[in-house]
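Take a look at the chain below. We will go from its overall fold to its core, and then out to its charged surface.

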Amino acid sequence: MRREEKNAIIDSLTERLKEYSHFYLTDTAELNAAVTSDLRRMCFKNDIRLVVVKNTLLKRAFEQSGLNLKNSIRF
């Protein structure tokens, strides 16, 4: 992926982070294809936007947005 593409993704993520007051982060790496597909369907039916993004790009979007990542994530 070229730098211009990465910057466009970071800009898009930054806008989304500023737009929504709530969001969830999850690791879907352990999910198989069927479970992932079911999750996507459930999100779509419930008008939930599911976005898959590289950790580094999300981290840069947080930095660019000025939001504090440590205060935004709750476990």
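Helices here are DSSP runs of H or I with at least four residues, numbered from the N terminus. By that rule R3 is found in helix α1. Keep in mind that this is a predicted model.

Start with the fold. The secondary structure of the protein chain comes to four helices and zero strands. Read from the N terminus on, the order is α-α-α-α. How much of the chain counts as buried? Of its 75 residues, 13% do.

Now go inside. The largest nonpolar core has seven residues. They are I10, L13, L17, L57, L58, A61 and F62. Helices α1 and α3 each supply at least two residues of this core. The largest share, four residues, comes from α3.

L58 is one of the core residues, and it lies in helix α3. Is L58 buried or exposed? Its relative accessible area is 15%. The cut-off for buried is under 20%, so L58 counts as buried. L58 can also be paired with I9. In sequence, L58 and I9 are 49 residues apart. In space, the C-alpha to C-alpha distance between L58 and I9 is 9.0 Å.

Next, the surface. Which residues form a positive patch there? They are R3, K6, K54, K59 and R60. Two elements give two or more residues to the patch: α1 (3–19) and α3 (55–65). Thus α1 and α3 supply residues to the largest nonpolar core and also to the positive patch.

Return to R3, in helix α1. Its relative accessible area is 62%. Exposed means over 50%, so R3 counts as exposed. A patch residue needs over 30% relative accessible area, and R3 passes that cut-off because its value is 62%.

Turn last to charge pairs. Side chains of opposite charge can pair when their charged atoms come close. How many salt bridges does the model hold? The count comes to two.

One joins the side chains of R2 and E4, at 3.3 Å from N to O. Both R2 and E4 are exposed.

The other joins R41 and D38, whose closest N and O atoms are 2.9 Å apart. Where do these two residues sit? Both are in helix α2 (residues 33–45). They are three residues apart, so about one helical turn separates them. R41 is partly exposed, at 45% relative accessibility. D38 is partly exposed too, with a relative accessible area of 40%.

Methods
Residues numbered from 1 in each chain as written. Predicted model: local features only at pLDDT ≥ 70, side-chain atom pairs only at ≥ 80, totals over all residues. Heavy atoms only, no water. Patch = residues over 30% accessible without salt bridge, like charges linked within 9 Å, V, L, I, M, F, W, Y side chains within 5 Å. Areas by Shrake-Rupley, 256 points an atom, 1.4 Å probe, with all protein chains shown as cover. Salt bridge = Lys/Arg side-chain N within 4 Å of Asp/Glu carboxyl O. Lys, Arg positive; Asp, Glu negative; His and termini not counted. Charge placed at Lys NZ, Arg CZ, Asp CG, Glu CD. Buried < 20%, exposed > 50% of the residue type's maximum accessible area, 1.4 Å probe, protein only. Core = buried A, V, L, I, M, F, W, Y, C linked by side-chain atoms within 4.5 Å.
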